[in-house]
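Welcome, and please take a moment with the model shown here. A short tour of its helix packing and its aromatic rings comes after it.

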Amino acid sequence: MANHALDLNTNTQNGKTVDIAITTHGSDFYWAVCAVMTCASFAFMGLALTKPRQNRIFHYITAAITLVAAIAYFSMASNLGWTPIDVEFPRSAGTVHGRNREIFYVRYIDWFITTPLLLMDLLLTAGMPWPTTLFVILIDEIMIVTGLVGALVKSRYKWGYFVFGCAALAYIVFHLVWDARKHANALGRDVGRTFLYCGSLTSLLWILYPIAWGVCEGGNLIAPDSEAVFYGILDLLAKPVFGALLIWGHRGIDPARLGLHLRDYANDDMIDGHEKRSDGPTNGHNNGVRNQNPETTV
């Protein structure tokens, strides 16, 4: 079936036509990534059904990551969720010639939601304290926001935001390869191995994202179709492949070992109606009547 997305959603936005934008080839690749993300979401949700409810936290987090990514890639494949931004150094020839470039801000909305979830997957696996986890997630949000602001800036000041983002990334990678790794190893060999595989994959891939930013939104060195392939491959490895590796690693790990003491409402006496009830009024007033054990001899 022919791809008519660019015919329906043209390269004109707010009365301005962008010069450097994806073609049908880029849209096709985005559709392919969208399909993989969608299938991965259903797979992770299906695997969650094979576990007790209190053991599904990593399945739910990982499924949420790929589901949000699927929506973002649907938007980019449809040539939506972008804005034209003037490039710093316009080029007169090649696939990146023109004054302005298509910047997909929807990609950063995706990352703003999914990268904290990725970090939660990793830091919960390592059993890291909540204050540390929340602070690392805050640094991650700073990294994503500075990347977005830098992409939307048309002057050379965009590289200042790029530096801020790289500094935030360095802090995150340090926690993954040092503090969190040691913490995971202390929880057992299987936990340490799962974190090593998933944490190493994430650290390596995330280091490549600034390179992609530098040659795409930053330096305007490669065409948007090539940008689709670069970011698309990174996201496929960082989300569905990462998720499959994480879920496989957690197949024999009880979340309680990681400090996640989750209670299932089906086994909660306070909810299923099997709790012991007092015979007297429960509104805080006993009206002078004292409840007694029937077996008590008076």
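The notes below turn to helix packing and then to aromatic contacts.

## A helix pair

This is a predicted model, so please read every value here as computed from it. Let's start with helix α2, which spans residues 24-48, and helix α3, which spans residues 57-77. Their axes lie 8 Å apart and make an angle of about 160 degrees. Angles over 145 degrees count as roughly antiparallel, and α2 and α3 are therefore roughly antiparallel to each other.

The crossing of α2 and α3 is left-handed. Sorted by class, the contact of α2 with α3 holds 19 nonpolar and 6 polar residues, with no charged ones.

## Aromatic pairs

Moving on to the rings, the count comes to 11 aromatic pairs. One pair to look up is Trp-159 with Trp-213: the ring centres are 5.4 Å apart and the planes stand at 85 degrees, so the pair is edge-to-face. Trp-159 belongs to helix α6 (residues 158-186) and Trp-213 to helix α7 (residues 189-218), so this pair ties together parts that are 54 residues apart in sequence.

How buried or exposed are Trp-159 and Trp-213? Trp-159 is partly exposed, at a relative accessible area of 29%, whereas Trp-213 counts as buried, with 5% relative accessibility.

## A cluster and a charge over a ring

Tyr-108, Trp-111, Tyr-209 and Tyr-231 form a cluster linked by ring pairs.

Finally, have a look at Arg-251: its charged end sits over the ring of Trp-248, at 3.9 Å from the ring centre.

Key
Residues numbered from 1 in each chain as written. Predicted model: local features only at pLDDT ≥ 70, side-chain atom pairs only at ≥ 80, totals over all residues. Heavy atoms only, no water. Axes fitted to C-alpha atoms, helices over the stretch in contact; angles between N-to-C directions. Helix = DSSP H or I, 4+ residues; strand = E, 2+ residues; numbered from the N terminus. Parallel < 35°, antiparallel > 145°, perpendicular 65-115°, else oblique. Left-handed = near helix turned anticlockwise from the far one by under 90°. Nonpolar A, V, L, I, M, F, W, Y, C, P; charged D, E, K, R; others polar. Phe/Tyr/Trp six-rings, centres within 6.5 Å; stacked < 30°, edge-to-face > 60°. Buried < 20%, exposed > 50% of the residue type's maximum accessible area, 1.4 Å probe, protein only. Lys NZ or Arg CZ within 6 Å of the ring centre and 35° of its normal.
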